[in-house]
Amino acid sequence: MRWYDLTRERVGLVFNVDYRMTENTELYLRTLVNEYTDDEVRNKFEFREPRRRRSVSVDG
């Protein structure tokens with residue numbers, strides 16, 4: 001049996017500024033920031049039958 005617990009998150013920010021100083025001069029600022037987090041937990045359970053011991057007989 002397997003069990004997974006996943007948490008993924010993305011946070012992003014975009015910021016743009018435009019400024020026209022004159023007819024021939026334009027200033028701009030463009031930014032983009034992303035942050036990713038990924039958290040994962042995995043569990044695995046195995047169930048097996050116990051091994052049987054072989055009986056050894058000694059004649060004597």
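Let me begin with a term: a salt bridge is a side-chain nitrogen of Lys or Arg within 4 Å of a carboxyl oxygen of Asp or Glu. With that in hand, look at Arg-30 and Asp-18, whose side chains meet in a salt bridge at 2.8 Å, N to O. Arg-30 lies in strand β2 and Asp-18 in strand β1, so this pair ties together parts that are twelve residues apart in sequence.

A word on what you are looking at. This is a predicted model, where local features need pLDDT of at least 70, side-chain atom pairs count only at pLDDT 80 or more, and totals for chains, interfaces and linings use all residues. Residues are numbered from 1 along each chain as its sequence is written, and side-chain values use heavy atoms, with hydrogens and water left out.

Now the overall picture. How many helices and strands does the protein chain have? There are zero helices and two strands. Both kinds of element are DSSP runs numbered from the N terminus, with helices being H or I of at least four residues and strands being E of at least two. Strand β1 covers residues 2-20, and strand β2 covers residues 26-44. Together β1 and β2 form a hairpin, with five residues between them.

In which sense do β1 and β2 pair? They pair in the antiparallel sense, over 19 bridges; for two strands to count as paired, DSSP must find at least two bridges between them. Let us follow the ladder through our opening pair. The bridge partner of Asp-18 in β2 is Tyr-28, while Arg-30 is the bridge partner of Asn-16. So Asp-18 has Tyr-28 as its bridge partner and meets Arg-30 through a side-chain salt bridge, if you would like to trace both on the screen. As a general reminder, in a regular strand the side chains alternate between the two faces of the sheet.

Next, the other end of the hairpin strands. Lys-44 lies in β2, and its C-alpha atom is separated by 4.5 Å from that of Arg-2, although the two are 42 residues apart along the chain. Leaving aside neighbours within four places in sequence, Lys-44 is in contact with Met-1 and Arg-2, where contact means heavy atoms within 4.5 Å. Leu-6, in β1, has its C-alpha 7.6 Å from that of Asp-38, 32 residues apart along the chain. With the same neighbours set aside, Leu-6 is in contact with Asp-39 and Glu-40. Across the protein chain, residues 24 or more positions apart account for 51% of the contacts with a separation of 6 or more.

Back to salt bridges: the structure holds four of them. Besides the opening pair, one of them joins the side chains of Arg-8 and Asp-38 at 3.2 Å, N to O. Arg-8 is in β1 and Asp-38 in β2, so the pair ties together parts that are 30 residues apart in sequence. Another brings together the side chains of Glu-40 and Arg-42 at 2.6 Å, N to O.

Are these residues buried or exposed? Here buried means under 20% relative accessible area, exposed over 50%, and partly exposed in between, using a 1.4 Å probe and protein chains only. Arg-8 counts as exposed at 60%, and Asp-38 does too, at 52%. Arg-30 is partly exposed at 48%, and Asp-18 is partly exposed at 48%. As for the third pair, Glu-40 is partly exposed at 33% and Arg-42 is exposed at 59%. Leu-6 is partly exposed as well, at 45%. What share of the 60 residues in the protein chain is buried? Buried residues make up 0%.

Finally, the surface. Its accessible area comes to about 7,100 Å² for the protein chain, of which 49% belongs to carbon and sulfur atoms; such areas come from the Shrake-Rupley method with a 1.4 Å probe, and for residues only the protein chains shown count as cover. Met-1 sits in the segment before β1 and is exposed, with a relative accessible area of 66%.

That is the tour: two strands, a hairpin and four salt bridges. Thanks for listening!
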